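Q: I'd like to learn how to read salt bridges in a model. Can you walk me through it?

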Amino acid sequence: MTGSMPIRLQLLVVDDDAVDIDTVRRQLHVAGLDADVIAAPTVSTGLQALESGNFDCALIDYRLPDGDGLELIRSALATLQPASPLILLTMVQDESVGMTAIHDGADDYLIKSQITAPVLARSIRYAIQRGRTRVAQATREAVEAHAREVDTLSRLASSEATPQTARAFGRWNGEPLLVF
């Protein structure tokens, strides 16, 4: 474990198959990742969990009883800012499903039959790091936008009156403006 990872991860696994959830837990243990795993069996319960919890990462099954994992990813990214890092898990060995997940905002996708402890650990670590990078970038952009706004307002407040501001405020170079 690197120093930048939390001591104990909080993971959400959205999957309706208890065997798959146990497999994830077992692979995490083998990888040496200390994690609390919260399970949600549907798109709706997964979204509720993401809204109410603070997860380091969410592993989302592609096929769920009330929809698919892509719907959950889209909904989470549209409503939660910042959203937890998201990884799609799928039995489907169709590259287009994974690429759609990445295009829609997932941090990674894994084919269940190919998940090993090192692959799962790497995917989670990378997803968490990408999530931290997104948060840092969003914070930097918000600070820069605020600084630009303050700069613009400062320039406007200190600049000389223009005909437009004179009309708006009734003065030109300190003298009352007579409008006929």
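A: Sure. A salt bridge here is a side-chain nitrogen of Lys or Arg within 4 Å of a carboxyl oxygen of Asp or Glu. Take D34, which forms one with R8, the closest N and O atoms being 2.0 Å apart. This pair links distant parts of the chain, 26 residues apart: D34 is in the loop between α1 (18–31) and β2 (35–40), R8 in the segment before β1 (9–14). Helices (H or I, at least four residues) and strands (E, at least two) are DSSP runs, numbered from the N terminus.

A: Two notes on the setup. The model is predicted, so local features need pLDDT of at least 70 and side-chain atom pairs count only at pLDDT 80 or more, while totals for chains, interfaces and linings use all residues. Residues are numbered from 1 along each chain as its sequence is written, and side-chain values use heavy atoms, with hydrogens and water left out.

Q: Which residue forms a salt bridge with R8 at 2.7 Å?

A: That's D36, going by the closest N and O atoms. D36 lies in strand β2 and R8 in the segment before β1, so the pair ties together parts 28 residues apart in sequence.

Q: Is R8 buried or exposed?

A: In between: buried means under 20% relative accessible area, exposed over 50%, and partly exposed is the range between (1.4 Å probe, protein chains only). R8 is partly exposed at 36%, as are D34 at 37% and D36 at 27%.

Q: How far apart are D22 and R25 in helix α1?

A: They're 3 residues apart, about one helical turn. Their salt bridge has its closest N and O atoms 3.7 Å apart.

Q: How many salt bridges does the structure hold?

A: It holds 9. D15, D20, D61 and K112 are linked in a network of them.
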